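I sat down with this model today and kept notes as I went. Here they are, in the hope that they help you find your way around.

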Amino acid sequence: MVYIKRIEIKGFKSFKNRTVINLCKGLNVITGPNGSGKSNIVDAIRFALGELNPRMLRVERFSELICDNLDAGSRRAYVKIVLDNSDRKIPIDSGEVEIQRSIDEKGRMTYKINGRRSSREAIVDMLSVAGLSPSAINIIMQGAVTRIADLTPKRRRELLEEIIGISIYDEKKAKAEEELRRAEINFRVAEAKLEAMREQLDKLSREREQALKYIDLKAKIAKLKVTLLSAKILSLRREVAELSIDYENTRSEIEKLLRYLESLKAERKSLEDELANIPIQPIEADNLTSQLSQLREAKVRLEETLKSIDDEISSIEKIRGNLAERLSNVEIEIKYLIEKIEELSNEENALVKALDEKRAKYRSFFDHICSLGSHFKNVANDIVRLHNEYVESIAIYSQLRSSILECNAKVSVIEEAIKARDEMLKKLNDVEISIEQQMESIRSTKLRLREVATKLLDKLQTLLSKMKMLENETEKASSLAYKCGEIISYLKAQLETIDRLANIQLLSEAIDRIMHDNQIPGVYGLLYNNIKFKDEFKIALESIAGVFLYAVIVKDINSCLMCLDKLKKLGIDKAIVIPLSDIKPTVLSNYPYIEGILGLSLNFVEYNPEFKPVVDLLFGNTLIVSDRRIAIELSNKGFRSVTIEGELYEPEGPIRLGSFLRLDHSKFLVKSKLLSNLIDLSRRLEKALTNKSESYRRLVEEYRAIRRRYIELEKWLAVIDVYQNILEREIIQLNKRRDNLEKSIAELRIEYDQLINRVNSERTDIISFERKLNLIAKQLSEISSKTISSNIDEKIFKEFSNIAAELSILEEDLLRVRSEKSMLQGKLGMLGDREYTMLKAELDRLLEDASSLQNRRKVLEEQLKNVTHSIERIESDIRSRCVGENSKAPDLYGRLSVIRKEMETTEESYRMLVDRLRMVEAAIHERKAKLELMEVELHKLGFEEPVPIDSQDISSLENLIVKYETEIEALGSVNLLSVDEYEDVKRRHDELAKKVNVLREEKLSIEKFIEEIESEKKRVFMEFLDRLNSKLREVFSKFTSGGDAWLEPEDKTNIFNGGIDLITAFPGKPRRSLSIASGGEKTIAALSFVFALSKLNPTTVYILDEVDAHLDPVNLERLASALKDLSNESQIIVISLKDVIASKADKIYGIYSKGGLSKVVAAVMNVEAISNG
């Protein structure tokens, strides 16, 4: 038998150095401490056998299998297995087979067999002969027993299916089911088609009746449409004739108005010339006359430009009308082409259908002729060959003809497009010349106006200089007058002060006399003479007292009245008298302490005690402070205060500045003569100022008048600039359009030349193909004239030739129709993509041009309005300056005004007539377009001219058409080919019915085959299950000393719908499912299951990795015995830590770890030696 004789490991996982393990044929046990690297030996074996999944070797990547302790330059690992092949079971003529697998640090693999380079596939195929595989059930990894024990019934069934190879039945069943599905689909489709055909046959019988009714209604509608179109065409022709008469009449009226306008303009010119010769005042006469002349010239030019723009707008409208008519014709032609293409498509479909039928008949006759004999077969082949050659040639010939027709159509369209673009280019050049002329006129007008504006600006500068000089002189005079006024005011104030001081002096003397004569009892004298102020506060106290400082103090009210009477008698009419008895003073006792308050003013006055009431009254409520800030703060708080400088601050009120007038007569010596001289000088200065003000006013008026004229000129110049910019932009746009047109014309000419060259070339090819077609026809005629041996053969051959000829004619017709259709489609593309688009774009551009001209017209009308206003203003100015009592100016201006109003009225009438003319012209174009459409439609119905009609009402004809069309709509979709289609559908229906029967039989046959597959699959599975149960009972009984175990389907009626349960009956215990067994019981059952499978598919090598981990001593002993027995037939390699297992071994290897690397102990026969090693 084949077994592993030797394992050699180097650089693999924990085995850094070369390690060799010699194994025996029987039971081999590998033991050692946990983590020493025992399982790495199993990984090495699986690696050498060709394992592809690194996770099955307990790593993420193959490169991780290389030992970490290797040097950087020598990171490489290999595993070599030597197999004993004495019985030559492996197909290699050698007693030993050496297998090696290597890996480098980049994960690259190398495989060798007996030292020679090989592949994994070769190694796996070779080992499969001996029952060795890296993923076979004979290799049980650590924890695999537990996973087998914990398999669900369903997963256990799937595992058995994989082992048995049930998948081949599943594949057969899947393939059969797929065939059944297709057969079912085909059957249902065919059955659905058959049902549809039955419905179609019923439908066709109904559709035939509808088709006949439809044809009858269509004929009636066509007849009514001819009558209706004839009536509408005749009506439109009458309308066009009437509108044409209206058009001519309107044009005649416009011409009359234009002649009348010319006469009015001539008369206006005459009056203006006559007015120009009337003398006016010399002030600015030349200037005004020059301006008026220039403005009149500008007005004439503006009117001419407006007329030119109106003409241009009319021309554009006319061109737009022509283009609209052309566009309408193109739309008609496009509609006609679409309908014609639709007709050709229908004809093409009919020809294709006829060709299919004729080709089927042709093929049938050809097969029949071929069956008559080799001679007829050769003749038929010749006919077919010539026929095919003829069809190919006629196809190319038709394509060439179609191409020429299409090219000719394109040439025609291109010629029309070039002609239209040439006309547009000519029109653009004319428009550009017109705009350039307007630009030149605008430039000259702008230059003249700019000269006038410059002169006005110079005059304004001169006036400004004069005004500035007058302002300086006036300012000096005003300054002198102001100083004189100040001096006079000062002198007057001094006089008034002297008067007041004199009054005070008189009052003082009068009181002294009264007191001296003791005329009135209780008079104490003036307050000023009875109190005394401290020097540093004198100004502040005098400011507080004010005029009361010169008040007369008396005892009581009687003394007061007597004193007043006495003073009046003495000629003193101004005096203040204070009776002490009636004074009720209030003294400020509580005020805030703020730094800077010097005290109550009362405290700084010295007085006679009997004057206390009046002193308290004047000084008892005012505080003296050091500066303004404190005074303002006290004022805001409601207190009265005064600064040392005499500024008096009332509570939340005004501030008063002033002090007592001292009686110092030496300061008031007034020279009355000086005052008189100053007053006289002031009067003369006022007169001079009045004269200068008048001169300044006149200069200002003149300045404003000239400035108004200058502003008007600037506005007009701004408008001219705007208009000039518009014209410049239009010139740029015109240049772009001209460049585009020239480019388009050049491209069209290139395309035109290419098409002409193509037509000439294709005409040469047509001549060649015509010769070829004649030659083919001649050869066919020669074949037809050959002698046939019998009349029957001659008849068949003749009929075959006729069918071939008919087929050729049909194919030629089809090619002709397709060629014509292609040509029409090309023409439709040219018209739709090029001509229609070009006309539409040109109409849009003309609309933009018209809009631009209208904008220019608005600007010019605004200019004309400004110029007219300026002319009227200057004429009004001139009229006011006309010299002489017998001046004719008023009369001439009156007549000129009447003529201008008449011209405005006439121009308005002219514009209305022009608008009306455009409307009539548009109406004529609209009706002509409708007329052309109707005539084309009438022509399609087969009539060149309208038919004579009676007095039948158009609405009644339309009602009848609507009625018939309603009946047609009620019919719904009508199949006109229903009669011909019925027989064809009936034939196909019978054929399909036969096909449905065949498909039904095929479907039943596949269903029966699937049942047989399912039955065979179940049989094979149950037979395997019986054999496995037999082996399972045998192994389990041996493991458990009399126990029983077997596999049982969950669903016995349909085993593949459920799982397979593993039932165990350990000695002394009831039967139960493995899922509820203990851990040790599960291990024994799982091992029994694995060994039972191995007995059914025996192999020569078993590798077990710690499968005894969960076994108790009793079951461990049983496992050891079972392994020993199995080793008589196969090689057993066990990884175990159990002494019981090691005691049964034929050979033991001990593994231990040193420095993280695995070491192998030489073979020993007891565990104690390993633990000491």
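**Entry 1: two helices side by side.** I started with α17 and α18, which are roughly parallel to each other, because an angle under 35 degrees counts as such. I should say at once that this is a predicted model. The axes of α17, residues 1079-1096, and α18, residues 1113-1126, cross at roughly 10 degrees and come within 12 Å. Which residues make the contact? On the α17 side I noted Ile 1084, Leu 1087 and Phe 1091, and on the α18 side Asn 1115, Leu 1119, Leu 1123 and Leu 1126. Sorted by character, the residues of this contact of α17 with α18 are six nonpolar, one polar and no charged.

**Entry 2: the nonpolar cores.** Next I looked up the largest nonpolar core, which has 62 residues. Those touching the most other members are Leu 160, Leu 1028, Leu 1047, Phe 1089, Phe 1091, Leu 1119 and Leu 1123. I had already met Phe 1091, Leu 1119 and Leu 1123 in the contact between α17 and α18. Which helix gives the most to this core? It is α16, residues 978-1040, with 12 residues.

I then picked out Leu 1047 and listed what it touches, leaving out residues up to four places away in sequence. Its partners include Leu 160, Leu 1028 and Phe 1089, each also on the list of core members with the most contacts. Leu 1047 also touches Leu 1025, Leu 1032, Ile 1060 and Leu 1062. Arg 156, Asn 1029 and Asp 1061 complete the set for Leu 1047. Apart from the largest core lies another, of 56 residues, and among them I found Leu 425, Trp 716, Leu 717 and Leu 727.

**Entry 3: helix α1.** I wanted to know how many residues of α1 are buried. The count is 12 of the 12 in residues 38-49, so the helix is largely enclosed by the rest of the structure. The buried residues include Lys 38, Asp 43 and Arg 46, alongside Ile 41, Val 42 and Phe 47. Just after α1, Gly 50 takes a positive phi of about 110 degrees.

Asn 40 belongs to α1, and I stayed with it for a while. Asn 40 has a relative accessible area of 12%, so it is buried, the limit being under 20%. Its side chain makes a polar contact of 2.9 Å with the side chain of Ser 14. Setting aside sequence neighbours within four places, I found Asn 40 in contact with Phe 12, Lys 13, Ser 14, Phe 15 and Arg 58.

**Entry 4: Lys 13 and Asn 114.** Lys 13 was on the contact list of Asn 40, and I followed it up. Lys 13 sits in the loop between β1 (3-10) and β2. Its phi is near 55 degrees, a positive value in a residue other than glycine. Is Lys 13 buried or exposed? With a relative accessible area of 14%, Lys 13 is buried.

Asn 114 also has a positive phi, near 55 degrees, and is likewise a residue other than glycine. I found Asn 114 in the loop between β6 (109-113) and β7 (116-118). Asn 114 has a relative accessible area of 36% and is partly exposed.

**Entry 5: Thr 19.** Thr 19 lies in strand β2, residues 19-22. I noted a relative accessible area of 12%, and Thr 19 is buried. A polar atom of the Thr 19 side chain lies 3.2 Å from the backbone oxygen of Asn 17. Beyond its neighbours up to four places away in sequence, Thr 19 touches Ile 7, Glu 8, Ile 9 and Val 1160.

**Entry 6: Ala 231.** My last single residue was Ala 231, in helix α5, residues 167-276. Ala 231 counts as buried at 8% relative accessibility. Its C-alpha atom and that of Val 947 are separated by 8.5 Å, with the two positions 716 residues apart along the chain counted as their distance apart. Ala 231 touches Ile 949 and Ile 954, not counting residues up to four places away in sequence.

**Entry 7: the whole chain.** I closed with the totals. The chain has 20 helices and 25 strands. Of its 1173 residues, 43% count as buried. Among contacts with a separation of 6 or more, 76% come from residues 24 or more positions apart.

Definitions and conventions. Residues are numbered from 1 along each chain as its sequence is written. This is a predicted model: local features need pLDDT of at least 70, side-chain atom pairs count only at pLDDT 80 or more; totals for chains, interfaces and linings use all residues. Side-chain values use heavy atoms; hydrogens and water are left out. Axes are lines fitted to C-alpha atoms, for helices over the stretch in contact, and angles run from 0 to 180 degrees between N-to-C directions. Helices (H or I, at least four residues) and strands (E, at least two) are DSSP runs, numbered from the N terminus. Angles under 35 degrees count as roughly parallel, over 145 as roughly antiparallel, 65 to 115 as roughly perpendicular and the rest as oblique. Contact means heavy atoms within 4.5 Å. Ala, Val, Leu, Ile, Met, Phe, Trp, Tyr, Cys and Pro count as nonpolar, Asp, Glu, Lys and Arg as charged, and the others, Gly among them, as polar. A nonpolar core is a set of buried Ala, Val, Leu, Ile, Met, Phe, Trp, Tyr and Cys residues joined through side-chain atoms within 4.5 Å. Buried means under 20% relative accessible area, exposed over 50%, partly exposed in between (1.4 Å probe, protein chains only). A polar contact is a pair of N or O atoms within 3.5 Å; within protein, one must be able to donate a hydrogen and the other to accept it, and residues adjacent in sequence count only if both atoms are side-chain atoms.
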